[in-house]
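Please read these notes with the sequence and the model open side by side. They go through the structure point by point.

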Amino acid sequence: MTSVIWNGGTGSWFDAANWTPAQVPQSGDSATVTRGSIQLTSNPSDGVTLNLDAISSPNTILDARNVTFGSHFTIVADGVNNVAITGSVVDQGQISVPKALGLLGHSASDLFTNQATINIHDGALSTAVNFTNSGQINVSSAGPLFGHLDIGQAFTGTGSVSLSNGGGVQVSDGGSVGSGQTFIFQDGITNGISDQLTLNPATFDATISGFQIGDIINVMTVADSETYDPESHLLSLFASGQPAGELIIAGPLSYTTQSFMLHPGPPGPFLGSRLTTITTDVSPASVPEPASLALVTTALAILLLVWRLRRR
C-alpha cells in the first residue's frame, strides 16, 4: 500500500505529476487531499481510500464527472469538503462523514446515486444535488457534535435512512423526499439527545418507522390536532379544522390517534415558516430474547408433562 498526497492546485486525478510520490492512486492505496481541486473524468481504480481532509479551501475538493466509485472505494470526509457533481456519479463503496461533506450539482439534470453505505457520525452531509438513495444512510451523534443530513434537492430511490444516538435529518426548502424511502428511528433519547426529523409534509412522501418516546418530528407547518389510521398508517394533521399535511408513520410499533402529541414550535429555519413538534408516548415492547423464549417453552412443556403424570 502506498500513501499518496495531492500536491494542491487544479488538475487531473490521472496525472501522476499531481501526486506525491508521482503516481496515480491504485487499488490498496491511500490518497489524501488537503487543498486544491481534483478533476475526475473517468472511473478511478477500485480499492482506493480517498481522504478528503481540507479544513478550509476556496476550491472544490473533488470535481466528479460521470464516474462510478467501485464497491471497494472508500471516501472519508475528515475535514470541510465539497464534491461537485456533473452528470451521473454513482457510489458503490462506502462514504464516511466524521466532519463535513457537501454534494453540489451544476444543473437540474445532475445526479448522485448511493448504492451502498454512507455513515454520518458526528459530521454533516449536505445534498445540494438530486440524490437517489438505493442503499443505506446512517446518521448518528456522539459527544458535543451532532450527526446531520441536510436534503436540499430531490431525494428518491428505494433505500433507507437510519437515525440513532441523537442523529438529525432536515429536508430544506427546495428539498423533497420520494415515497420509496424509509426513515428509521432506531432509539429514543441517548445521552440527553433526541433523534430529530425536520420536514415539510407537502414535500415528504417517505415512510417513517420506529418513531418512539423521546424522538422528535418537526413539521414546517402550523397544526393543532391530528388523526391516525392504523390500517393506512396515515397521520393527518389539521389547523383550526383544516388539513395541514399528512405523514406515513408505520413500522413495528402500534399507534392510535392518542399516541401523538402536537406542540407549537418556534419559527422554522426558513423565512416565514413555523414549526410544529410531534412527539409520541409509544415505546418498543419488551420481547423475550430467542434463548429466553426457548427456556420458557421448555419449562411449560415440563410442567404440562408433570400435570399429566399426576392425573394418572
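1. Which residue in β14 is the bridge partner of Ser88? The partner is Leu111. Ser88 belongs to a pairing in which strand β11 (residues 88-91) and strand β14 (residues 111-114) run parallel, joined by 4 bridges. Strand β14 is also joined to strand β17 (residues 130-133), again by 4 bridges and again in parallel. On that side, Leu111 stands opposite Asn130 in β17. To see this in the viewer, start at Leu111 and look for Ser88, then for Asn130.

2. Please keep in mind that this is a predicted model. The protein has 312 residues, and 46% of them count as buried. Its secondary structure consists of 1 helix and 32 strands. The accessible surface is about 14400 Å², and carbon and sulfur atoms account for 55% of that area.

3. The next point concerns contacts along the chain. Taking contacts between residues at least 6 apart in sequence, 46% join residues that are at least 24 apart.

4. The largest nonpolar core holds 68 residues. Phe183, Phe204, Ile208, Ile217, Ile249 and Ile278 have the most contacts inside this core. In soluble globular proteins, nonpolar side chains tend to be buried together. Phe204 is a convenient residue to select here: with neighbours within four places in sequence left aside, Phe204 is in contact with Val171, Val177, Phe183, Leu197, Leu199 and Leu247.

5. The count of aromatic pairs comes to 13. One of them is Trp13 with Phe73, a tilted pair with 6.4 Å from centre to centre and 45° between the planes. This pair links distant parts of the chain, since its members are 60 residues apart. Trp13 lies in the loop between β2 (10-12) and β3 (19-20), and Phe73 in the loop between β8 (68-69) and β9 (74-77). Trp13 has a relative accessible area of 0%, so it counts as buried. Phe73 also has 0% relative accessibility and is therefore buried.

6. A second aromatic pair is formed by Tyr228 and Tyr255, which meet edge-to-face at 5.8 Å centre to centre, with 75° between the planes. These two residues are 27 apart in the chain: Tyr228 is in strand β28 (residues 225-229), while Tyr255 is in the loop between β30 (242-250) and β31 (260-267). Both tyrosines, Tyr228 and Tyr255, are buried.

7. Trp13 and Phe73 also belong to one aromatic cluster, together with Trp6, Trp19 and Phe69. Two loop residues have contacts with members of this cluster. Asn18, in the loop between β2 and β3, touches Ile5, Trp6, Asn7, Gly11 and Ser12, not counting residues up to four places away in sequence. Is Asn18 buried or exposed? Its relative accessible area is 15%, so Asn18 counts as buried.

8. The other loop residue is Val24, found between β3 and β4 (30-33). Leaving aside neighbours within four places in sequence, Val24 is in contact with Trp13, Phe14, Asp15, Ala16, Trp19 and Asp29. Val24 is buried, because its relative accessible area is 18% and the limit for buried is under 20%. Between Val24 and Pro44 there are 9.1 Å in space, C-alpha to C-alpha, and 20 residues in sequence.

9. How many salt bridges are counted? The count is 2. In one of them, Arg65 is joined to Asp63, with the closest N and O atoms 2.7 Å apart. Arg65 is partly exposed at 33% relative accessibility, whereas Asp63 is buried at 10%.

10. The side chains of Lys99 and Asp78 also meet in a salt bridge, at 3.8 Å from N to O. This pair links distant parts of the chain, 21 residues apart: Lys99 is in the loop between β12 (94-97) and β13 (100-105), and Asp78 in the loop between β9 and β10 (80-86). Lys99 has a relative accessible area of 41% and is partly exposed. Asp78, at 33%, counts as partly exposed as well.

Key: Residues are numbered from 1 along each chain as its sequence is written. This is a predicted model: local features need pLDDT of at least 70, side-chain atom pairs count only at pLDDT 80 or more; totals for chains, interfaces and linings use all residues. Side-chain values use heavy atoms; hydrogens and water are left out. Buried means under 20% relative accessible area, exposed over 50%, partly exposed in between (1.4 Å probe, protein chains only). Contact means heavy atoms within 4.5 Å. Accessible areas come from the Shrake-Rupley method with a 1.4 Å probe; for residues, only the protein chains shown count as cover. A nonpolar core is a set of buried Ala, Val, Leu, Ile, Met, Phe, Trp, Tyr and Cys residues joined through side-chain atoms within 4.5 Å. Rings of Phe, Tyr and Trp (its six-membered ring) pair if their centres lie within 6.5 Å; planes under 30 degrees apart count as stacked, over 60 as edge-to-face and the rest as tilted. A salt bridge is a side-chain nitrogen of Lys or Arg within 4 Å of a carboxyl oxygen of Asp or Glu. Two strands pair if DSSP finds at least two bridges between them.
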